[in-house]
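Please look over the sequence and the model below before reading on. The report that follows goes through selected residues, helices, domains and contacts in turn.

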Amino acid sequence: MTDKPKLAVWKFASCDGCQLSLLDCEDELLAVADHITIANFPEASRAVLDGPYDLSLVEGSITTPHDRDRIQEVRRQSKFLVTIGACATAGGIQALRNFTDVREFMDIVYASPEYISTLDTSTPISAHVNVDFELRGCPINKNQLLEVINAFLNERKPNVSPNSVCIECKKRGTVCIMVAHGTHCMGPVTQAGCGAICPAYNRGCYGCYGPMETPNTSSLAAWMHDLGVSADELRRMFRTYNSEAPEFRHEGDRHGRENI
Amino acid sequence: MSDPHGGGTRTIKVDYLARVEGEGAMYIKVRDNVLEDVKLKIFEPPRFFEGLLRGRDFTEAPDITARICGICPIAYQMSAIHAMENACGVRVDGALRELRRLFYCGEWISSHTLHIHMLHAPDFLGYPSAVEMAKDHPEAVERGLALKKTGNDIVSLMGGREIHPVNARVGGFYRVPARSELSALREELLHARELALETVKWTATLDFPEFNQDYTFVALRHEDEYPMNEGRVVSNKGLDIDVSDYDDHFEEQHVDYTNALHCVMKPDGNCYHVGPMARYALNFDRLPDEIRNAAKAAGLGPVCTNPFQSITVRAVEVLYAVTEALRIVDDYDPPQQSAIDVRPKAATGFAATEAPRGLLYHRYTIDDDGVIKDANIVPPTSQNQKMIEDDLRRFVPTCLDKADDEIQYVSEQAIRNYDPCISCATHFLKLEVDRG
């Protein structure tokens, strides 16, 4: 069955959660494996087939000189390259180093920082190579992942909504927690895809899918302010899992104090 | 590569260890048929969590630290939450405490089952992956997937999603389930209990190399429960301390070839063993009779000292977690409030919980406004890293008459005995065997 398309899964700085999403497809995994060759997926298999690969899924952000070189090789070997998750798409939680001196972080964590090789920044994959599609989320949604794999292997556009989380609340029938309860919520500026889980659990969205298409972040920030959210808190809300996404970075910069 | 039976130097290395969570390598050097060096290298890029937590609000720590590991986010959430509650002088009991235990059962089931069926079993049966193994052993792989799904279904109900669930908070949960929602899990859990028992029996049919070790086991011990969220930190060599004294007895050391910190016991700098084997050895008497009987039927005594048999210990813990989840579901009486109010105060809080891979210690110092001033996190794999090297140092000499690729295979298996989570340990692996 050498004519089956070859899938590769690559890891950069990340928690492994997004690639785990593939193994979490308990009902679909064996069926998927019937239609593709899992050619390079170290978390799941010792067997590694040489490239080129039809589809590469890339998890994680670029934080070391070695990884900065490695992503170029991954791109060269990949017909399609799809980033999976907030780290690969917007630098991830570790991009908080971009707002400070990484040396300070190193001193806090490691007794001998001279042993550590790292870049000053955590950057998304698209800052280094051309990316064919970015799948959002911290973590990604496994059904969206199956859709993206299916779409690329059939050379069609993935059916992934660019709407905000608000649309998913409406579809789910969740009463708006911001309007009804004054709970501060990032849903209006956050890309859909999770299924609007947080509001359904009586919690405001915390923006783990990153900015939607053309988000009105300043309007949301004004609403938050009126709900009593402090400037420092606003800054933190935009600076968590997708702090390198330009829209969130820009809005975060407008509020609160530096060095928090 | 050189003659495995002759002299000279042999190097066996694996640049990128497979079927572990994260990026690591192994290096083994043999000179004149004597093992000279073993290194477990972790090149997973560091992400500096303890640094980036400073200045964040105390309520953010559970969700932020969950991002250390996509395989065991609940462990991070639970350790962070309990440490913050400890700092604020709050104790959460009753139904909320039971729900946290149910949530943790879900993670134990899904994480252990992933390791048993998809990462570890292929070693014993000679396949590169579970997908390949499924062609000859479909019933085993399908059983594993079904069990894993049950674990994930618990996590999804309690937490909203399988990975980085959103519902746990300092003080309790954002939303607690109705009795009917938990009851809906009952049929699935009853079926899962049968699958878990079959898994225990199935792991007992695997061939284990003879490799019994005199380990120092460290785990939590609770006065009447098999430990998850609380207990004293104890060992089989006389340690018995409160979690707040952890730093007096353990320390992390930074070695040059790895991005993970090596954790050792003070004052001698000795390695120790955390995880399912340690929990089981130190808490066998806390398991219900039916679980102990299943373990006994699968060839386990009250203490298991062969790390290759950890697959059976994990299967016993899955059986326990399913049984415990059933108990909690059946006894559930919804709490009045989804969370109790927790007000910050300037203090240092400590907690250790039992992640699937072992003891997970968190310590935070916060100020009166709840701002995190200092954070320290010691994941299970940093604690086991030196232990894994120690195992290799004893195990590799028993197989030096084998060819390099066979040594490599069994050495990788010896590493996977620990279900190492490299993402966690880097706050972890790649195999090199150097025969020169």
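Which residues does B:P307 touch, not counting residues up to four places away in sequence? In this predicted model, B:P307 touches B:F211, B:M277, B:D391 and B:N417 when residues up to four places away in sequence are not counted. The proline lies in the loop between α11 (289–297) and α12 (310–331) of chain B, and B:P307 is buried, since 27 other C-beta atoms lie within 10 Å and a residue counts as buried from 20 upwards. By contrast with these contacts, B:P307 and B:L195 are 23 Å apart from C-alpha to C-alpha, with their positions 112 residues apart in sequence.

**Two further positions in chain B**

B:S79 sits in helix α3 (residues 73–87) of chain B, and this serine counts as buried because 29 C-beta neighbours fall inside 10 Å. Once neighbours within four places in sequence are left aside, the contacts of B:S79 are B:A351, B:A352, B:T353, B:L360 and B:H362. B:S79 and B:T65, which are 14 residues apart in sequence, have C-alpha atoms 9.3 Å apart. For B:L319, again leaving aside neighbours within four places in sequence, the contacts are B:A196, B:L197, B:V200, B:I291 and B:A294.

**The nonpolar core**

B:L319 also belongs to the largest nonpolar core, which has 212 residues, and together with A:V58, B:M84 and B:V316 it touches the most other members. Helix α4 (residues 94–125) of chain B gives the most to this core, contributing 13 residues. Domain 1 (6–153) and domain 2 (165–253) of chain A both give residues to the core, so the core lies between these two domains. As background, nonpolar side chains in soluble globular proteins tend to be buried together.

**Two helices of chain B**

α4(B) and α6(B) can be set side by side.

| Helix | Residues in helix | First to last C-alpha | Expected at 1.5 Å a residue |
|---|---|---|---|
| α4(B) | 32 residues | 44 Å | 46 Å |
| α6(B), residues 138–159 | 22 residues | 31 Å | 32 Å |

The span of α4(B) is close to the expected value, although the helix has a kink of about 35° centred on B:I116. α4(B) is mostly covered, with 26 of its 32 residues buried, and just after this helix B:G126 takes a positive phi of about 80°. In α6(B), 16 of the 22 residues are buried, so this helix is largely enclosed by the rest of the structure. α6(B) is followed by B:G160, whose phi is likewise positive, near 95°.

**Domains of chain A and the contact with chain B**

Chain A is divided into domain 1 (6–153) and domain 2 (165–253), and the centres of the two domains, taken over C-alpha atoms, are separated by 25 Å. Their contact takes 17 residues from domain 1 of chain A and 14 residues from domain 2 of chain A. On the domain 1 side, helix α4 (residues 86–90) of chain A supplies the largest share, three residues, and the residues of that side divide into eight nonpolar, eight polar and one charged.

The contact between the chains takes 48 residues from chain A and 46 residues from chain B. On the side of chain A that touches chain B, the elements giving two or more residues are α1 (17–23), α2 (29–35), α5 (102–109) and α9 (197–200) of chain A. The residues of this side divide into 28 nonpolar, nine polar and 11 charged.

**Backbone details worth checking**

Most residues other than glycine have a negative phi, and most peptide bonds are trans. A:D16 nevertheless has a positive phi of about 80° although it is not a glycine; A:D16 lies in the loop between β1 (6–11) and α1 of chain A, and is buried with 27 other C-beta atoms within 10 Å. A:A196, in the loop between α8 (177–181) and α9 of chain A, has a positive phi near 50° and counts as buried, with 24 C-beta neighbours inside 10 Å.

Two peptide bonds before proline are cis: the bond from A:C138 to A:P139 has omega near 10°, and the bond joining B:K266 and B:P267 has omega of about -5°. A:P139 is found in the loop between β5 (133–135) and α6 (142–153) of chain A, whereas B:P267 lies in the loop between β10 (262–265) and α10 (276–283) of chain B.

Methods. Residues are numbered from 1 along each chain as its sequence is written. Chains are lettered from A and ligands numbered from 1 in the order in which they are written. This is a predicted model: local features need pLDDT of at least 70, side-chain atom pairs count only at pLDDT 80 or more; totals for chains, interfaces and linings use all residues. Two residues are in contact if their C-beta atoms, placed from the backbone, lie within 7 Å. Helices (H or I, at least four residues) and strands (E, at least two) are DSSP runs, numbered from the N terminus. Ala, Val, Leu, Ile, Met, Phe, Trp, Tyr, Cys and Pro count as nonpolar, Asp, Glu, Lys and Arg as charged, and the others, Gly among them, as polar. A nonpolar core is a set of buried Ala, Val, Leu, Ile, Met, Phe, Trp, Tyr and Cys residues joined through C-beta atoms within 7 Å. A residue is buried if 20 or more other C-beta atoms lie within 10 Å of its own, exposed if 12 or fewer, and partly exposed in between; C-beta atoms are placed from the backbone. Domain bounds come from an automatic or database domain assignment. The expected span of a helix is 1.5 Å times one less than its number of residues. The bend at a residue is the angle between axes fitted to the seven residues ending there and the seven starting there.
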